[in-house]
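Here are my notes on the model, set out as numbered points for you to read alongside the sequence and the coordinates.

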Amino acid sequence: MKSRFALIFLTCLVLGSFALADTLTLKNGQVITGIFQSRNAEGVSFVGPDGLSHMYPTNEVQNLSFGPIPQAQPQQPAPQTVQVPSNTTILIRMGQTLDTKDASSGQTFSGTLATNLAANGYVVAFAGTPVYGQVIEAKSAGRGAGTSQLKIQLTQIVINGNAIPITTSVFDSQGKSSTKRSARRLLGGAGLGAAIGAIAGDAGMGAAIGAVSGATLAVVQKGDQVQIPVEAQVSFTLLQSVTLPIAGR
């Protein structure tokens, strides 16, 4: 019974491995492809294409050649990192309020990703991942003249505790001129139903604004000042590609 199972097993090998089979050449010119089993004083034991084992006398065998041993194909390792290309949109949720009345150039601000950041089918950072940015310019309008302006840019994303530098577009918001100031003042808080979402975004620099919960939008004009409130969603665009570790799929 054991020999029968062994023979069936050898037959399967023969049927599935002819490209890697052994070759037995007899003196009468016959060439047999199959699997070599053993050799002794009686001759050569060889499994042919019929899947059966045959004994070929030594005086009838001219040559015996062996096919290569199949090598296991190495498994391709999964990529550890992926390149996030330029022009990728990064939507963040502000972690603090920025206001032209007290913000200053060079000031840092924090936030978190509002959505997953992905590239090439892989997620590199999940929503809630910390990000940091910098105030590029903060200009507060004077009482008599001038225009408030607030420019911010993302500078870092924190992956696995490591702050990785990134270069993004500048979000540029501009308030109304104080010389043409409207008598209508938009106040923050629950009554902000008519808040301005984009006072003067710089489309050339890829500035964009996303909506936040409730009626509040990304930018609020309070008198002649400009404010980006906490929890506001602001969109940036990567200007340079960045390589980040893969977090998931």
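1. In what follows, helices (H or I, at least four residues) and strands (E, at least two) are DSSP runs, numbered from the N terminus. The model is a predicted one, in which local features need pLDDT of at least 70 and side-chain atom pairs count only at pLDDT 80 or more, while totals for chains, interfaces and linings use all residues. Residues are numbered from 1 along each chain as its sequence is written, and side-chain values use heavy atoms, with hydrogens and water left out.

2. Asn87 lies in the loop between β6 (81-84) and β7 (89-94), and its phi is near 75°, a positive value in a residue other than glycine. Asn87 has 62% relative accessibility and therefore counts as exposed (exposed means over 50% relative accessible area, buried under 20%, partly exposed in between, with a 1.4 Å probe and protein chains only).

3. Asn120, in the loop between β10 (117-119) and β11 (122-125), likewise has a positive phi in a residue other than glycine, near 55°. Asn120 is exposed, with a relative accessible area of 61%.

4. The largest nonpolar core (a set of buried Ala, Val, Leu, Ile, Met, Phe, Trp, Tyr and Cys residues joined through side-chain atoms within 4.5 Å) has 32 residues, and Ile92, Leu150, Ile152, Ile157 and Leu244 have the most contacts inside it. Strand β13 (residues 147-159) gives the most to this core, with five residues. A second, separate core of eight residues includes Leu24, Ile32, Tyr56 and Val61.

5. Leaving aside residues up to four places away in sequence, Ile157 touches, among others, Leu113, Leu117, Val131, Ile164 and Leu244, where contact means heavy atoms within 4.5 Å.
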